[in-house]
Amino acid sequence: MDLIHYEDENSRYITIGCVEKPLCMLACWVEDPNGIYFKKHLARVVDCLWVGEDGMKLQGVASQTWDASLLLQALLATNLYDEIGPTLMKGHNFLKNSQVRDNPPGDFKRMFRHISKGSWTFADQDHGWQVSDCTAESLKLSKMMMENGQLGNKNHQLVVAFAMTEPSSHLEEINQ
């Protein structure tokens with residue numbers, strides 16, 4: 001149960017996907033049907049399971065970061081900066097806010113986790129698992145926006161520096 005609780009806490013009870021979610025939730029229920037761990041799982045069920053017009057829906061894996069970074073790259077390629085500048089900035093702010101700010105707590109190597117500070121996940125910060133492709137695409141977008149003059153502000157530039165260098169040296173500046 002230690003591994004399950006560690007994963008639950010690090011993913012804020014979303015877990016890594018729709019297959020793991022009910023398994024972890026069931027394990028917590030078996031451990032204590034009235035316990036806090038099970039109740040925290042129940043609160044996050046709406047993130048992956050809901051009722052739509054045509055019945056029950058299940059989201060396999062949320063992909064907000066991945067989708068946003070690729071969509072913003074496509075928008076940037078249109079060279080319509082004047083028309084879509086605010087949209088680009090909102091998208092970049094989403095990615096900036098989705099960047100993982102801390103490594104997993106405790107002895108994360110014992111829990112089969114890796115350093116993740118400065119990375120991006122497939123979904124958002126709550127997901128907790130860094131994904132190299134998402135990190136690469138988010139960094140690529142930030143670099144493209146800087147080169148095109150979309151990120152003149154020092155705080156926006158730091159998001160790239162944060163992930164490309166020793167992350168801890170930039171964390172204080174980014175959180176300002």
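Arg12, Arg44, Asp47 and Asp126 are linked with one another in a network of salt bridges, and this network is a useful place to begin reading the structure, which is a predicted model. The structure holds 7 salt bridges, and the points below describe some of them before turning to two helix pairs and to two residues with an unusual backbone angle.

**Salt bridges**

- Within the network that links Arg12, Arg44, Asp47 and Asp126, the side chains of Asp47 and Arg44 meet in a salt bridge with an N to O distance of 2.4 Å. Asp47 has a relative accessible area of 33% and is therefore partly exposed.
- Arg44 also takes part in a salt bridge with Asp126, where the closest N and O atoms are 3.2 Å apart. Because Asp126 belongs to the loop between helix 5 and helix 6, while Arg44 belongs to the loop between helix 3 and strand 1 (49-52), this pair ties together parts that are 82 residues apart in sequence.
- Asp126 has a relative accessibility of 22%, so it counts as partly exposed.
- A further salt bridge joins the side chains of Lys57 and Asp54, at 2.6 Å from N to O. Of these two residues, Lys57 is partly exposed, with a relative accessible area of 27%, whereas Asp54, at 64% relative accessibility, counts as exposed.

**Helix 2 and helix 3**

- Helix 2 and helix 3 (residues 36-43) pack at an angle of about 150 degrees, and their axes are 8 Å apart. Since angles over 145 degrees count as roughly antiparallel, helix 2 and helix 3 are therefore roughly antiparallel to each other.
- The crossing in which helix 2 passes helix 3 is left-handed. On the side of helix 2, the contact is made by Lys21, Cys24, Met25, Cys28, Trp29 and Glu31, and on the side of helix 3 by Tyr37, Phe38, His41 and Leu42.
- When the residues in the contact of helix 2 with helix 3 are divided by class, 7 are nonpolar, 1 is polar and 2 are charged.

**Helix 5 and helix 6**

- Helix 5 (residues 81-98) packs with helix 6 (residues 132-147) at an angle of about 140 degrees, their axes being 11 Å apart. Helix 5 and helix 6 are therefore oblique to each other.
- The crossing of helix 5 and helix 6 is left-handed, and the residues that make the contact are Leu88, Met89, His92 and Leu95 of helix 5, together with Ser138, Leu141, Ser142 and Met145 of helix 6.
- The contact of helix 5 with helix 6 has 5 nonpolar and 3 polar residues, and no charged residues.

**Positive phi angles outside glycine**

- Thr15, although it is not a glycine, has a positive phi of about 70 degrees. Thr15 is found in the loop between helix 1 (2-10) and helix 2 (20-31), and with a relative accessibility of 1% this residue counts as buried.
- Asn79 is likewise not a glycine, and has a positive phi of about 60 degrees. Asn79 has its place in the loop between helix 4 (64-76) and helix 5, and Asn79 is exposed, with a relative accessible area of 53%.

Key:
Residues are numbered from 1 along each chain as its sequence is written. This is a predicted model: local features need pLDDT of at least 70, side-chain atom pairs count only at pLDDT 80 or more; totals for chains, interfaces and linings use all residues. Side-chain values use heavy atoms; hydrogens and water are left out. Axes are lines fitted to C-alpha atoms, for helices over the stretch in contact, and angles run from 0 to 180 degrees between N-to-C directions. Helices (H or I, at least four residues) and strands (E, at least two) are DSSP runs, numbered from the N terminus. Angles under 35 degrees count as roughly parallel, over 145 as roughly antiparallel, 65 to 115 as roughly perpendicular and the rest as oblique. A crossing is left-handed if the near helix is turned anticlockwise from the far one by less than a right angle, and right-handed if clockwise. Contact means heavy atoms within 4.5 Å. Ala, Val, Leu, Ile, Met, Phe, Trp, Tyr, Cys and Pro count as nonpolar, Asp, Glu, Lys and Arg as charged, and the others, Gly among them, as polar. Buried means under 20% relative accessible area, exposed over 50%, partly exposed in between (1.4 Å probe, protein chains only). A salt bridge is a side-chain nitrogen of Lys or Arg within 4 Å of a carboxyl oxygen of Asp or Glu.
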